[in-house]
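Welcome, and please get your viewer ready. We will go from the whole chain down to a few aromatic side chains.

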Amino acid sequence: SSGINAEYGEGDAADWREVSDTERTPGKSKATFCLQRTELFQRAVMFAVINPQPNGAGFAGMRVAMPQYKGESDGFHLRVRRQGDLKYWKVSLKQDSDRYEYEAKFRLKKDTFQDVFLQFSDFVALYRGAVETTAPPLNITLMDDIGLQTFGGVYDDFKQAGTGSLEIDYIALTLK
């Protein structure tokens, strides 16, 4: 695997910016991203609180500029652990000049590190959280940002609320 952010330095953690539902008037959710460093290990941690609307609308996430894609990969490999109430997470990809966001969701067990593999073909186009069937397919070479997000489940078969964290050992591109 070749890493997107395989090693987190202080500058890397500071480059992530919040993208949560507070960018809309009724939003009440929050996310933050920091570096956890000890003498034995270093990892990034995203903390989130989902305070959804009655219909489940709510999201909290963080986003960072994505390194230029070179074409030798077919997806992402994440090594992550969740703690707290929030089971459902997603990776999002965005082109600055496009209205669509491409997302792949995953569910995590609590308190155990897991390997998550997301193929580029797993990513679905959305606009404001709703699937957009008329959107063009994902073209990874055009994506500017990668993000991590948790969400209330407004368009899903489940709803979630509360607090949680996502510990990130790494996010890497998988080789074809």
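Here is the tour, one selection at a time.

**Before you click.** This is a predicted model, in which local features need pLDDT of at least 70 and side-chain atom pairs count only at pLDDT 80 or more, while totals for chains, interfaces and linings use all residues. Residues are numbered from 1 along each chain as its sequence is written, and side-chain values use heavy atoms, with hydrogens and water left out.

**Select the whole chain as a cartoon.** You should find 1 helix and 13 strands; these are DSSP runs numbered from the N terminus, with helices being H or I of at least four residues and strands E of at least two. Follow the chain along its sequence and the pattern reads β-α-β-β-β-β-β-β-β-β-β-β-β-β. Along the principal axes, the C-alpha atoms fill a box of roughly 40 × 40 × 25 Å.

**Switch on the surface.** About 8,900 Å² of the protein chain is exposed, and carbon and sulfur atoms supply 49% of that area (Shrake-Rupley method, 1.4 Å probe). Of the 176 residues, 49% are buried, meaning under 20% relative accessible area with a 1.4 Å probe, where exposed is over 50% and partly exposed lies in between.

**Now look for aromatic rings.** Rings of Phe, Tyr and Trp (its six-membered ring) pair if their centres lie within 6.5 Å; planes under 30 degrees apart count as stacked, over 60 as edge-to-face and the rest as tilted. The count comes to 5 aromatic pairs.

**Select Phe76 and Phe123.** Their ring centres are 6.1 Å apart and the planes meet at 65 degrees, so this pair is edge-to-face. Phe76 sits in strand S6 (residues 73–84), and Phe123 in the loop between strand S9 (114–119) and strand S10 (124–127), so the pair links parts of the chain 47 residues apart. Phe76 is buried at 1% relative accessibility, and Phe123 is buried at 8%. Add Phe120 to the selection: ring pairs link Phe76, Phe120 and Phe123 into a cluster.

**Select Tyr88 and Phe158.** How are these two rings arranged, stacked or edge-to-face? Tyr88 and Phe158 are stacked, at 3.6 Å centre to centre with 10 degrees between the planes. Tyr88 belongs to strand S7 (residues 88–94) and Phe158 to the loop between strand S12 (145–151) and strand S13 (162–175), so the pair ties together parts 70 residues apart in sequence. Tyr88 counts as buried at 17% relative accessibility, as does Phe158 at 19%.
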